[in-house]
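Take the structure one region at a time. The paragraphs below go from rings to strands, then to a helix and the ligand.

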Amino acid sequence: MTAYPHFTRRLTHDLNRLWDFVFLPESRLDKLAPEALAYTDRLPVPSAFDALPAYAGKRGIGVYRTAVEVTPDTPSVLKIGAAGMTVKVYIDGVATASHIGSYTPFEVLLPAAPHSRREIVVATENRFDYKRNPLQENFFDFYNYGGIFRPVCLEELPEHPLRQAFVTVDDLQAGRIRVVVDLDGAGTGLTCRIDDGDPQAVHCTTLPDHRLEFHTVVPNPTLWSPATPNLHTLTLDTGSDAMTVRFGLREVRTENGRVLLNGEPVKLLGYCRHEAHPQFGPATPVSLMAADLQQMRDQGCNFVRGSHYQQDARFLDLCDELGFLVFSESLAWGQHQKQLADPAFIEAQLDQTRVMVQTDFNHPSIIIWGFLNEGASDAEFARGCYEKLISLIRSLDATRLVTYASNRYLTDLFLEQVDLVCFNMYPGWYSSDRDNEHPLDEVLPRIKAMLDGLRERGVSDKPFIISEIGAGAIYGCHDALAGYWSEEYQAELLKLVCQETVTNPAIAGLAIWQFCDIRTYQGSGALGRPRSFNNKGTVDEYRRPKLACSIVKTIFSSHGN
Ligand code: ADA
(Lines give C-alpha, C1' and ligand atoms only; values in the text may rest on other atoms or scores of the structure.)
Protein backbone atom coordinates (compact mmCIF):
# COMPACT_ATOMS: atom_id res chain seq x y z
CA MET A 1 0.00 0.00 0.00
CA THR A 2 1.62 3.25 -1.15
CA ALA A 3 0.49 6.30 0.73
CA TYR A 4 -0.74 9.45 -0.99
CA PRO A 5 0.47 11.58 -2.73
CA HIS A 6 1.18 9.39 -5.76
CA PHE A 7 3.63 10.58 -8.41
CA THR A 8 2.35 8.59 -11.35
CA ARG A 9 4.77 9.72 -14.08
CA ARG A 10 7.93 9.14 -12.06
CA LEU A 11 10.07 6.04 -12.28
CA THR A 12 9.82 4.89 -8.68
CA HIS A 13 12.15 2.36 -7.03
CA ASP A 14 10.58 0.57 -4.10
CA LEU A 15 13.29 0.07 -1.46
CA ASN A 16 11.21 -1.85 1.08
CA ARG A 17 13.15 -5.09 1.15
CA LEU A 18 16.20 -6.59 2.89
CA TRP A 19 19.11 -4.16 3.32
CA ASP A 20 22.64 -4.99 4.50
CA PHE A 21 23.01 -4.18 8.18
CA VAL A 22 25.65 -3.83 10.86
CA PHE A 23 25.25 -2.81 14.50
CA LEU A 24 28.04 -0.68 15.96
CA PRO A 25 27.83 -0.40 19.75
CA GLU A 26 30.97 1.74 20.14
CA SER A 27 31.18 4.02 17.08
CA ARG A 28 30.23 7.67 16.91
CA LEU A 29 28.03 9.01 14.16
CA ASP A 30 30.33 11.96 13.38
CA LYS A 31 33.33 9.61 12.95
CA LEU A 32 31.54 6.96 10.87
CA ALA A 33 33.27 5.78 7.66
CA PRO A 34 30.59 3.74 5.87
CA GLU A 35 32.94 2.50 3.15
CA ALA A 36 35.07 0.72 5.77
CA LEU A 37 32.21 -1.23 7.35
CA ALA A 38 31.73 -4.99 7.18
CA TYR A 39 27.99 -5.64 7.00
CA THR A 40 27.27 -8.75 9.03
CA ASP A 41 23.50 -9.04 8.79
CA ARG A 42 20.52 -8.31 6.58
CA LEU A 43 17.45 -6.56 7.99
CA PRO A 44 14.15 -5.61 6.46
CA VAL A 45 13.21 -2.01 5.76
CA PRO A 46 11.06 -0.84 7.45
CA SER A 47 12.31 -2.16 10.81
CA ALA A 48 13.29 -1.03 14.28
CA PHE A 49 16.55 -2.95 14.68
CA ASP A 50 16.38 -2.98 18.48
CA ALA A 51 12.90 -4.51 18.48
CA LEU A 52 14.48 -7.61 16.90
CA PRO A 53 15.85 -10.28 19.28
CA ALA A 54 19.48 -9.97 18.07
CA TYR A 55 19.68 -6.26 18.96
CA ALA A 56 16.92 -5.94 21.56
CA GLY A 57 17.62 -3.28 24.15
CA LYS A 58 21.02 -2.34 22.67
CA ARG A 59 22.02 1.24 22.10
CA GLY A 60 24.51 2.31 19.43
CA ILE A 61 24.40 2.81 15.67
CA GLY A 62 22.50 0.55 13.29
CA VAL A 63 23.75 1.04 9.73
CA TYR A 64 21.54 -0.01 6.81
CA ARG A 65 22.89 -0.23 3.23
CA THR A 66 21.34 -0.90 -0.16
CA ALA A 67 22.00 -0.05 -3.80
CA VAL A 68 19.66 0.89 -6.62
CA GLU A 69 20.04 1.10 -10.41
CA VAL A 70 18.76 4.43 -11.72
CA THR A 71 18.73 6.21 -15.09
CA PRO A 72 22.12 7.91 -15.51
CA ASP A 73 22.20 11.72 -15.64
CA THR A 74 18.83 11.96 -13.91
CA PRO A 75 18.28 13.56 -10.51
CA SER A 76 16.22 11.66 -7.99
CA VAL A 77 14.76 11.98 -4.53
CA LEU A 78 15.11 9.46 -1.73
CA LYS A 79 11.97 9.50 0.42
CA ILE A 80 12.29 8.08 3.93
CA GLY A 81 8.94 7.75 5.71
CA ALA A 82 10.60 7.92 9.15
CA ALA A 83 13.88 6.86 10.76
CA GLY A 84 15.26 7.35 14.24
CA MET A 85 16.59 8.55 16.45
CA THR A 86 19.57 10.51 15.07
CA VAL A 87 20.14 9.73 11.42
CA LYS A 88 22.80 10.36 8.80
CA VAL A 89 22.39 9.47 5.12
CA TYR A 90 25.32 8.76 2.81
CA ILE A 91 24.88 8.63 -0.99
CA ASP A 92 27.70 6.92 -2.89
CA GLY A 93 29.84 7.18 0.25
CA VAL A 94 29.28 10.92 0.79
CA ALA A 95 27.46 12.24 3.86
CA THR A 96 24.46 13.98 2.25
CA ALA A 97 21.80 14.56 4.90
CA SER A 98 21.02 14.25 8.58
CA HIS A 99 17.74 14.02 10.42
CA ILE A 100 16.31 13.88 13.94
CA GLY A 101 12.89 13.13 15.34
CA SER A 102 12.06 9.50 14.46
CA TYR A 103 8.53 10.04 13.16
CA THR A 104 8.74 12.77 10.52
CA PRO A 105 9.24 11.93 6.86
CA PHE A 106 12.26 13.41 5.12
CA GLU A 107 13.71 13.58 1.63
CA VAL A 108 17.26 13.51 0.30
CA LEU A 109 17.94 14.95 -3.16
CA LEU A 110 20.38 12.99 -5.30
CA PRO A 111 21.82 15.23 -8.02
CA ALA A 112 22.20 13.60 -11.45
CA ALA A 113 25.24 11.34 -11.78
CA PRO A 114 26.78 9.73 -14.88
CA HIS A 115 26.65 6.23 -13.35
CA SER A 116 23.53 4.14 -12.78
CA ARG A 117 24.36 2.41 -9.46
CA ARG A 118 23.62 4.55 -6.42
CA GLU A 119 24.59 3.30 -2.99
CA ILE A 120 22.44 4.39 -0.08
CA VAL A 121 23.61 4.09 3.53
CA VAL A 122 21.36 5.15 6.39
CA ALA A 123 23.06 5.23 9.80
CA THR A 124 20.50 5.27 12.62
CA GLU A 125 21.74 6.00 16.13
CA ASN A 126 19.47 5.22 19.09
CA ARG A 127 21.62 6.76 21.85
CA PHE A 128 20.23 9.71 23.75
CA ASP A 129 22.19 12.93 23.26
CA TYR A 130 20.23 16.11 23.92
CA LYS A 131 22.79 18.32 22.15
CA ARG A 132 22.46 16.50 18.84
CA ASN A 133 18.81 15.49 19.18
CA PRO A 134 16.79 17.66 21.57
CA LEU A 135 13.54 16.01 20.46
CA GLN A 136 13.97 12.68 22.27
CA GLU A 137 14.92 11.89 25.85
CA ASN A 138 14.93 8.81 27.98
CA PHE A 139 12.29 10.07 30.41
CA PHE A 140 9.59 9.63 27.75
CA ASP A 141 6.98 7.05 28.76
CA PHE A 142 7.46 5.01 25.59
CA TYR A 143 10.50 3.16 24.33
CA ASN A 144 12.72 5.09 21.89
CA TYR A 145 13.96 2.69 19.20
CA GLY A 146 16.46 2.98 16.34
CA GLY A 147 16.07 2.05 12.68
CA ILE A 148 14.22 2.90 9.49
CA PHE A 149 10.64 2.75 10.73
CA ARG A 150 8.55 3.65 7.69
CA PRO A 151 8.67 2.89 3.95
CA VAL A 152 11.47 4.10 1.70
CA CYS A 153 11.49 4.74 -2.05
CA LEU A 154 13.58 6.54 -4.61
CA GLU A 155 11.84 8.55 -7.33
CA GLU A 156 13.55 9.79 -10.48
CA LEU A 157 12.76 13.45 -11.00
CA PRO A 158 11.75 15.50 -14.04
CA GLU A 159 13.25 18.93 -14.58
CA HIS A 160 10.49 20.82 -12.74
CA PRO A 161 9.04 18.50 -10.11
CA LEU A 162 5.72 18.99 -8.37
CA ARG A 163 6.16 18.96 -4.60
CA GLN A 164 2.82 19.25 -2.85
CA ALA A 165 -0.76 20.39 -3.42
CA PHE A 166 -2.75 21.80 -0.52
CA VAL A 167 -6.50 21.41 -0.95
CA THR A 168 -8.94 23.42 1.16
CA VAL A 169 -12.70 23.75 0.93
CA ASP A 170 -14.13 27.12 -0.24
CA ASP A 171 -17.77 26.04 -0.35
CA LEU A 172 -18.72 22.71 1.15
CA GLN A 173 -22.10 22.15 -0.47
CA ALA A 174 -21.03 23.38 -3.91
CA GLY A 175 -17.82 21.33 -3.74
CA ARG A 176 -15.72 24.40 -4.50
CA ILE A 177 -12.07 24.00 -3.51
CA ARG A 178 -8.92 26.09 -3.40
CA VAL A 179 -5.71 24.39 -4.47
CA VAL A 180 -2.24 25.72 -3.67
CA VAL A 181 0.48 23.99 -5.65
CA ASP A 182 4.09 23.86 -4.57
CA LEU A 183 6.26 23.19 -7.59
CA ASP A 184 9.71 23.87 -8.86
CA GLY A 185 8.91 25.82 -12.04
CA ALA A 186 6.38 28.09 -13.72
CA GLY A 187 3.37 25.79 -13.99
CA THR A 188 2.58 26.67 -17.60
CA GLY A 189 0.45 23.97 -19.17
CA LEU A 190 -0.63 22.63 -15.77
CA THR A 191 -3.79 20.53 -15.91
CA CYS A 192 -6.02 19.35 -13.11
CA ARG A 193 -8.23 16.30 -13.10
CA ILE A 194 -10.69 15.47 -10.35
CA ASP A 195 -11.56 11.83 -9.70
CA ASP A 196 -11.87 10.12 -13.09
CA GLY A 197 -13.03 13.28 -14.93
CA ASP A 198 -11.25 14.89 -17.87
CA PRO A 199 -8.11 16.95 -17.30
CA GLN A 200 -8.81 20.69 -17.39
CA ALA A 201 -6.28 23.46 -17.99
CA VAL A 202 -5.88 25.58 -14.87
CA HIS A 203 -5.31 29.29 -14.63
CA CYS A 204 -3.20 30.02 -11.63
CA THR A 205 -2.34 33.05 -9.58
CA THR A 206 1.29 33.17 -8.51
CA LEU A 207 1.99 33.20 -4.77
CA PRO A 208 5.37 33.72 -3.09
CA ASP A 209 7.77 30.76 -2.59
CA HIS A 210 7.19 28.93 -5.90
CA ARG A 211 3.51 28.48 -5.17
CA LEU A 212 0.52 28.75 -7.45
CA GLU A 213 -3.11 29.00 -6.54
CA PHE A 214 -6.34 28.16 -8.35
CA HIS A 215 -9.96 27.42 -7.53
CA THR A 216 -12.08 24.68 -9.02
CA VAL A 217 -15.25 22.71 -8.44
CA VAL A 218 -15.52 18.99 -7.68
CA PRO A 219 -17.95 17.66 -10.34
CA ASN A 220 -19.94 15.25 -8.17
CA PRO A 221 -19.20 16.42 -4.65
CA THR A 222 -19.86 14.02 -1.78
CA LEU A 223 -19.15 15.02 1.81
CA TRP A 224 -16.67 13.18 4.05
CA SER A 225 -17.76 12.14 7.54
CA PRO A 226 -17.15 9.12 9.82
CA ALA A 227 -20.45 7.61 8.62
CA THR A 228 -19.76 8.34 4.93
CA PRO A 229 -16.00 8.59 4.41
CA ASN A 230 -16.23 9.71 0.76
CA LEU A 231 -12.94 10.71 -0.79
CA HIS A 232 -11.96 12.56 -3.96
CA THR A 233 -8.69 12.69 -5.85
CA LEU A 234 -7.02 15.57 -7.61
CA THR A 235 -4.35 14.91 -10.22
CA LEU A 236 -2.04 17.70 -11.30
CA ASP A 237 -0.06 17.20 -14.49
CA THR A 238 2.69 19.43 -15.87
CA GLY A 239 3.34 17.17 -18.86
CA SER A 240 6.59 15.91 -17.34
CA ASP A 241 5.40 15.27 -13.77
CA ALA A 242 2.05 14.23 -12.33
CA MET A 243 0.86 14.11 -8.75
CA THR A 244 -2.35 12.69 -7.28
CA VAL A 245 -3.49 13.83 -3.86
CA ARG A 246 -6.57 12.58 -2.08
CA PHE A 247 -8.86 14.81 -0.06
CA GLY A 248 -12.30 14.93 1.51
CA LEU A 249 -14.96 17.61 1.54
CA ARG A 250 -15.66 18.39 5.14
CA GLU A 251 -15.60 21.28 7.54
CA VAL A 252 -14.72 21.31 11.21
CA ARG A 253 -15.34 24.12 13.68
CA THR A 254 -16.45 24.67 17.24
CA GLU A 255 -19.51 26.33 18.69
CA ASN A 256 -20.69 26.67 22.28
CA GLY A 257 -18.36 24.03 23.62
CA ARG A 258 -19.09 21.51 20.89
CA VAL A 259 -17.15 20.21 17.90
CA LEU A 260 -19.14 20.53 14.69
CA LEU A 261 -18.40 18.43 11.64
CA ASN A 262 -20.13 19.65 8.49
CA GLY A 263 -22.28 21.78 10.77
CA GLU A 264 -23.46 18.86 12.96
CA PRO A 265 -22.29 18.26 16.53
CA VAL A 266 -20.07 15.22 16.92
CA LYS A 267 -18.87 13.66 20.15
CA LEU A 268 -15.28 12.42 19.82
CA LEU A 269 -15.08 8.92 21.29
CA GLY A 270 -11.94 6.88 21.08
CA TYR A 271 -8.41 6.16 22.17
CA CYS A 272 -4.87 7.44 22.27
CA ARG A 273 -2.78 5.05 20.21
CA HIS A 274 0.96 4.46 19.99
CA GLU A 275 2.50 2.91 16.87
CA ALA A 276 3.85 -0.04 18.81
CA HIS A 277 4.11 -3.80 18.84
CA PRO A 278 6.61 -6.02 20.71
CA GLN A 279 7.91 -7.59 17.52
CA PHE A 280 8.05 -4.48 15.35
CA GLY A 281 8.50 -1.56 17.77
CA PRO A 282 7.23 1.51 15.91
CA ALA A 283 7.78 -0.14 12.48
CA THR A 284 4.35 -1.75 12.46
CA PRO A 285 2.99 -3.32 9.28
CA VAL A 286 -0.02 -1.75 7.62
CA SER A 287 -2.12 -4.85 8.29
CA LEU A 288 -1.67 -4.23 12.02
CA MET A 289 -2.66 -0.57 11.63
CA ALA A 290 -5.85 -1.64 9.84
CA ALA A 291 -6.59 -4.32 12.44
CA ASP A 292 -6.14 -1.76 15.25
CA LEU A 293 -8.57 0.63 13.59
CA GLN A 294 -11.06 -2.16 13.07
CA GLN A 295 -10.77 -3.17 16.71
CA MET A 296 -11.44 0.43 17.72
CA ARG A 297 -14.32 0.78 15.30
CA ASP A 298 -15.84 -2.40 16.69
CA GLN A 299 -15.89 -0.66 20.07
CA GLY A 300 -17.90 2.22 18.64
CA CYS A 301 -14.96 4.64 18.33
CA ASN A 302 -14.84 7.51 15.85
CA PHE A 303 -11.72 9.20 17.24
CA VAL A 304 -8.04 8.43 17.63
CA ARG A 305 -5.29 10.57 19.13
CA GLY A 306 -1.97 9.79 17.47
CA SER A 307 0.11 9.95 20.62
CA HIS A 308 2.75 11.35 20.73
CA TYR A 309 4.19 12.01 17.27
CA GLN A 310 3.43 12.45 13.60
CA GLN A 311 1.47 9.49 12.25
CA ASP A 312 2.43 7.13 9.44
CA ALA A 313 0.95 8.33 6.11
CA ARG A 314 -0.47 4.84 5.56
CA PHE A 315 -2.26 4.97 8.91
CA LEU A 316 -3.77 8.35 8.02
CA ASP A 317 -4.89 7.01 4.64
CA LEU A 318 -6.67 4.20 6.51
CA CYS A 319 -8.29 6.73 8.87
CA ASP A 320 -9.51 8.69 5.83
CA GLU A 321 -10.99 5.52 4.33
CA LEU A 322 -12.50 4.10 7.51
CA GLY A 323 -13.89 7.41 8.74
CA PHE A 324 -11.86 8.14 11.87
CA LEU A 325 -11.39 11.64 13.27
CA VAL A 326 -7.75 12.20 14.18
CA PHE A 327 -5.92 14.35 16.73
CA SER A 328 -2.44 14.53 15.22
CA GLU A 329 0.41 15.87 17.35
CA SER A 330 4.11 16.42 16.85
CA LEU A 331 6.67 14.53 18.92
CA ALA A 332 7.02 15.65 22.54
CA TRP A 333 6.59 14.33 26.06
CA GLY A 334 6.62 16.26 29.33
CA GLN A 335 9.19 18.93 28.47
CA HIS A 336 10.19 21.47 31.09
CA GLN A 337 12.41 24.54 31.34
CA LYS A 338 15.56 22.90 30.01
CA GLN A 339 13.82 22.31 26.69
CA LEU A 340 11.04 24.89 26.50
CA ALA A 341 13.42 27.79 27.08
CA ASP A 342 16.09 26.40 24.73
CA PRO A 343 16.19 28.01 21.25
CA ALA A 344 17.54 24.78 19.69
CA PHE A 345 14.62 22.78 21.09
CA ILE A 346 12.09 25.41 19.99
CA GLU A 347 13.52 25.44 16.48
CA ALA A 348 13.41 21.64 16.25
CA GLN A 349 9.78 21.68 17.46
CA LEU A 350 8.80 24.29 14.91
CA ASP A 351 10.54 22.34 12.14
CA GLN A 352 8.92 19.00 12.88
CA THR A 353 5.50 20.58 13.45
CA ARG A 354 5.77 22.39 10.10
CA VAL A 355 6.62 19.08 8.40
CA MET A 356 3.62 17.38 10.04
CA VAL A 357 1.14 20.03 8.94
CA GLN A 358 2.52 20.31 5.42
CA THR A 359 2.82 16.60 4.66
CA ASP A 360 -0.50 15.56 6.23
CA PHE A 361 -2.49 18.58 5.08
CA ASN A 362 -4.94 16.75 2.80
CA HIS A 363 -6.16 14.05 5.18
CA PRO A 364 -9.83 14.77 5.94
CA SER A 365 -9.51 12.51 8.98
CA ILE A 366 -7.23 15.00 10.74
CA ILE A 367 -9.39 17.59 12.47
CA ILE A 368 -6.99 18.63 15.25
CA TRP A 369 -3.33 19.64 15.20
CA GLY A 370 -1.54 19.30 18.51
CA PHE A 371 1.94 19.63 19.98
CA LEU A 372 3.90 19.43 23.26
CA ASN A 373 2.07 16.68 25.13
CA GLU A 374 2.13 17.57 28.83
CA GLY A 375 4.71 20.35 28.58
CA ALA A 376 5.12 22.85 31.43
CA SER A 377 2.30 25.03 30.12
CA ASP A 378 1.81 26.67 33.52
CA ALA A 379 5.18 28.43 33.38
CA GLU A 380 6.11 31.80 31.86
CA PHE A 381 9.31 30.33 30.41
CA ALA A 382 7.13 28.17 28.14
CA ARG A 383 5.21 31.07 26.63
CA GLY A 384 7.51 31.70 23.66
CA CYS A 385 7.53 28.07 22.59
CA TYR A 386 3.75 27.60 22.94
CA GLU A 387 2.86 30.86 21.23
CA LYS A 388 5.25 30.24 18.34
CA LEU A 389 3.80 26.78 17.77
CA ILE A 390 0.21 28.01 17.88
CA SER A 391 0.88 30.80 15.41
CA LEU A 392 2.95 28.57 13.13
CA ILE A 393 0.13 26.03 12.84
CA ARG A 394 -2.50 28.70 12.31
CA SER A 395 -0.38 30.33 9.59
CA LEU A 396 -0.02 27.00 7.76
CA ASP A 397 -3.59 25.78 8.17
CA ALA A 398 -6.56 27.95 9.07
CA THR A 399 -9.05 25.12 8.57
CA ARG A 400 -8.35 22.86 11.56
CA LEU A 401 -8.53 23.09 15.32
CA VAL A 402 -5.32 23.74 17.28
CA THR A 403 -4.59 22.53 20.79
CA TYR A 404 -2.24 20.60 23.06
CA ALA A 405 -2.83 18.00 25.77
CA SER A 406 -2.24 19.64 29.13
CA ASN A 407 -1.71 18.23 32.58
CA ARG A 408 -1.51 21.68 34.17
CA TYR A 409 -5.30 22.00 34.22
CA LEU A 410 -6.60 25.27 35.61
CA THR A 411 -3.09 26.66 36.19
CA ASP A 412 -2.37 26.34 32.47
CA LEU A 413 -1.43 29.69 30.97
CA PHE A 414 -2.39 29.21 27.33
CA LEU A 415 -5.91 27.75 27.29
CA GLU A 416 -7.36 31.01 25.98
CA GLN A 417 -5.19 30.75 22.87
CA VAL A 418 -6.33 27.34 21.59
CA ASP A 419 -9.55 26.03 20.05
CA LEU A 420 -10.13 23.09 22.39
CA VAL A 421 -9.24 22.50 26.04
CA CYS A 422 -7.61 19.08 26.31
CA PHE A 423 -6.71 17.65 29.71
CA ASN A 424 -4.79 14.46 30.42
CA MET A 425 -6.08 13.39 33.82
CA TYR A 426 -5.74 10.31 35.98
CA PRO A 427 -8.27 10.50 38.85
CA GLY A 428 -8.69 7.08 40.40
CA TRP A 429 -5.20 6.05 39.34
CA TYR A 430 -2.49 8.53 40.31
CA SER A 431 -4.25 9.34 43.54
CA SER A 432 -2.88 12.02 45.80
CA ASP A 433 -4.72 10.56 48.81
CA ARG A 434 -3.06 7.29 49.76
CA ASP A 435 -5.52 6.70 52.62
CA ASN A 436 -8.47 6.62 50.27
CA GLU A 437 -9.55 2.99 49.91
CA HIS A 438 -11.93 3.91 47.10
CA PRO A 439 -9.95 5.87 44.53
CA LEU A 440 -12.73 5.36 41.98
CA ASP A 441 -14.76 7.84 44.04
CA GLU A 442 -12.37 10.54 42.85
CA VAL A 443 -13.21 10.16 39.19
CA LEU A 444 -16.51 11.98 38.71
CA PRO A 445 -15.89 14.79 41.24
CA ARG A 446 -12.55 15.49 39.60
CA ILE A 447 -14.08 15.77 36.14
CA LYS A 448 -16.79 18.02 37.58
CA ALA A 449 -14.19 20.21 39.31
CA MET A 450 -12.40 20.70 35.98
CA LEU A 451 -15.61 21.65 34.19
CA ASP A 452 -16.57 24.08 36.98
CA GLY A 453 -13.09 25.59 36.92
CA LEU A 454 -13.19 26.10 33.15
CA ARG A 455 -16.58 27.78 33.44
CA GLU A 456 -15.26 30.12 36.14
CA ARG A 457 -12.26 30.92 34.01
CA GLY A 458 -14.55 31.81 31.12
CA VAL A 459 -13.31 29.21 28.62
CA SER A 460 -16.27 26.83 28.66
CA ASP A 461 -17.24 27.98 25.16
CA LYS A 462 -14.26 25.91 23.99
CA PRO A 463 -14.97 22.19 23.66
CA PHE A 464 -13.50 20.20 26.54
CA ILE A 465 -11.80 16.95 25.64
CA ILE A 466 -10.42 14.40 28.08
CA SER A 467 -7.33 13.70 26.01
CA GLU A 468 -6.10 10.96 28.38
CA ILE A 469 -7.58 9.02 31.26
CA GLY A 470 -7.15 5.40 32.29
CA ALA A 471 -5.80 2.78 34.64
CA GLY A 472 -3.17 0.06 34.35
CA ALA A 473 -4.39 -3.53 34.01
CA ILE A 474 -2.23 -6.58 33.47
CA TYR A 475 -3.79 -8.81 30.84
CA GLY A 476 -5.22 -11.90 32.56
CA CYS A 477 -5.03 -10.44 36.07
CA HIS A 478 -8.45 -10.93 37.66
CA ASP A 479 -9.33 -9.99 41.19
CA ALA A 480 -12.56 -10.31 43.18
CA LEU A 481 -11.62 -7.13 45.05
CA ALA A 482 -11.00 -5.33 41.78
CA GLY A 483 -7.62 -4.13 43.05
CA TYR A 484 -5.06 -2.04 41.21
CA TRP A 485 -3.62 -3.74 38.09
CA SER A 486 -6.64 -6.01 37.70
CA GLU A 487 -8.75 -5.99 34.54
CA GLU A 488 -11.76 -5.40 36.80
CA TYR A 489 -10.41 -2.14 38.21
CA GLN A 490 -9.62 -0.75 34.79
CA ALA A 491 -13.05 -1.77 33.51
CA GLU A 492 -14.82 -0.08 36.46
CA LEU A 493 -12.87 3.14 36.04
CA LEU A 494 -13.46 3.34 32.30
CA LYS A 495 -17.14 2.54 32.78
CA LEU A 496 -17.53 5.66 34.93
CA VAL A 497 -15.58 7.81 32.49
CA CYS A 498 -17.29 6.59 29.33
CA GLN A 499 -20.76 6.93 30.83
CA GLU A 500 -20.01 10.43 32.00
CA THR A 501 -18.63 11.36 28.58
CA VAL A 502 -21.60 10.16 26.57
CA THR A 503 -24.18 11.69 28.92
CA ASN A 504 -22.57 15.01 29.87
CA PRO A 505 -22.97 17.62 27.11
CA ALA A 506 -20.09 19.65 28.60
CA ILE A 507 -17.63 16.92 27.55
CA ALA A 508 -16.95 17.12 23.82
CA GLY A 509 -14.71 14.11 23.57
CA LEU A 510 -12.66 11.38 25.18
CA ALA A 511 -9.42 9.70 24.14
CA ILE A 512 -8.94 6.83 26.58
CA TRP A 513 -5.34 6.20 27.59
CA GLN A 514 -4.69 3.95 25.75
CA PHE A 515 -5.47 1.54 22.94
CA CYS A 516 -2.78 -1.11 23.52
CA ASP A 517 -0.08 -1.77 26.10
CA ILE A 518 3.30 -0.45 25.02
CA ARG A 519 6.93 -1.03 25.97
CA THR A 520 8.33 1.82 28.01
CA TYR A 521 11.21 2.65 30.38
CA GLN A 522 14.07 0.27 30.72
CA GLY A 523 15.54 0.12 34.25
CA SER A 524 14.29 1.54 37.52
CA GLY A 525 12.18 4.18 35.78
CA ALA A 526 9.78 1.29 35.27
CA LEU A 527 8.92 0.81 38.96
CA GLY A 528 5.35 1.95 38.29
CA ARG A 529 5.38 0.12 34.98
CA PRO A 530 5.21 -3.66 35.57
CA ARG A 531 6.96 -5.67 32.80
CA SER A 532 8.54 -2.38 31.61
CA PHE A 533 5.24 -1.76 29.86
CA ASN A 534 2.70 0.99 30.16
CA ASN A 535 -0.21 -1.36 30.88
CA LYS A 536 -3.10 1.07 30.46
CA GLY A 537 -4.13 -0.44 27.12
CA THR A 538 -7.59 -1.97 26.98
CA VAL A 539 -5.94 -4.55 24.76
CA ASP A 540 -2.49 -5.88 25.58
CA GLU A 541 0.53 -5.50 23.30
CA TYR A 542 -0.68 -8.46 21.19
CA ARG A 543 -4.15 -6.87 20.96
CA ARG A 544 -5.84 -9.40 23.27
CA PRO A 545 -8.88 -7.64 24.78
CA LYS A 546 -9.12 -6.96 28.48
CA LEU A 547 -12.48 -6.70 30.27
CA ALA A 548 -12.72 -2.95 29.62
CA CYS A 549 -13.13 -3.46 25.86
CA SER A 550 -16.65 -4.80 26.10
CA ILE A 551 -17.61 -2.04 28.58
CA VAL A 552 -16.28 0.66 26.25
CA LYS A 553 -18.04 -0.99 23.34
CA THR A 554 -21.42 -1.10 25.08
CA ILE A 555 -21.26 2.54 26.15
CA PHE A 556 -19.73 4.07 22.99
CA SER A 557 -22.07 2.08 20.74
CA SER A 558 -25.08 3.32 22.70
CA HIS A 559 -24.20 6.88 21.75
CA GLY A 560 -26.00 7.99 18.62
CA ASN A 561 -23.14 9.85 16.99
C1 ADA B 1 0.78 10.92 30.56
C2 ADA B 1 1.42 10.79 29.19
C3 ADA B 1 1.28 9.41 28.60
C4 ADA B 1 1.47 8.35 29.67
C5 ADA B 1 0.46 8.55 30.78
C6 ADA B 1 0.58 7.51 31.90
O7 ADA B 1 -0.42 11.47 30.55
O8 ADA B 1 0.94 11.75 28.29
O9 ADA B 1 2.23 9.28 27.57
O10 ADA B 1 2.75 8.44 30.18
O11 ADA B 1 0.68 9.80 31.36
O12 ADA B 1 0.39 6.33 31.62
O13 ADA B 1 0.89 7.89 33.03
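A charge counts as sitting over a ring if NZ of Lys or CZ of Arg is within 6 Å of the ring centre and within 35 degrees of the ring normal. R446 fits that description: it lies over the face of Y409, at 5.0 Å from the ring centre. R305 does likewise with F327, at 5.2 Å from the ring centre. Keep in mind that this is a predicted model.

Now the rings themselves. How many aromatic pairs does a search of the whole structure find? The count is 27. Take Y271 and F515. Their ring centres are 5.9 Å apart and their planes stand at 80 degrees, so the pair is edge-to-face; the cut-off for that class is over 60 degrees. This pair links distant parts of the chain. Y271 belongs to strand β23 (residues 268–273). F515 sits in the loop between β31 (509–512) and β32 (518–519). The two are 244 residues apart. Both Y271 and F515 are buried.

F371 and Y386 make another edge-to-face pair, 5.8 Å centre to centre with 65 degrees between the planes. F371 lies in the loop between β26 (366–370) and α5 (383–396), while Y386 is in helix α5. They are 15 residues apart in the chain. F371 is buried, as is Y386. Elsewhere, ring pairs join Y103, F139, F140, F142, F149, Y309 and W333 into a cluster.

Next, the strands. Strands of a sheet pair through backbone hydrogen bonds, either parallel or antiparallel. One open sheet has four strands in the order β12-β13-β17-β16, with antiparallel pairing. β12 (162–171) and β16 (205–207) stand at the edges. Each has a single partner strand, so one side of each is left without a neighbour in the sheet. On average, neighbouring strands here are turned by 30 degrees against each other, direction ignored. Inside the order, β13 (residues 176–183) and β17 (residues 211–217) pair over seven bridges. R178 stands opposite H215 in β17.

The parallel sense turns up too. Strand β24 (residues 303–306) pairs that way with β25 over four bridges. G306 stands opposite S328 in β25. Is β25 buried or exposed? Five of its five residues (325–329) are buried. Both faces are covered: L325, F327 and E329 on one side, V326 and S328 on the other. F327 is also the ring under R305.

Helix α2 (residues 313–322) comes before that strand in the numbering. At its start, a side-chain oxygen of D312 reaches to within 2.8 Å of the backbone nitrogen of R314. The helix is mostly covered, with eight of its 10 residues buried. Among them are R314, D317 and D320, along with F315, L316 and L318. After α2 comes G323, whose phi is positive, near 80 degrees.

Finish at the ligand. Which residues are closest to the ligand? Of the 13 residues that surround it, the closest are D141, E374, Y430, E468 and K536. Two of these can be followed down to the atoms. A polar side-chain atom of D141 lies 2.4 Å from a ligand oxygen atom. For K536, a polar side-chain atom lies 2.5 Å from an oxygen atom of the ligand. N373 also contributes: an N or O atom in its side chain is 2.9 Å from an oxygen atom of the ligand.

Key: Residues numbered from 1 in each chain as written. Predicted model: local features only at pLDDT ≥ 70, side-chain atom pairs only at ≥ 80, totals over all residues. Heavy atoms only, no water. Phe/Tyr/Trp six-rings, centres within 6.5 Å; stacked < 30°, edge-to-face > 60°. Buried < 20%, exposed > 50% of the residue type's maximum accessible area, 1.4 Å probe, protein only. Pairing = 2+ DSSP bridges. Axes fitted to C-alpha atoms, helices over the stretch in contact; angles between N-to-C directions. Near = heavy atom within 4 Å. Polar contact = N/O pair within 3.5 Å; in protein donor to acceptor, adjacent residues only side chain to side chain.
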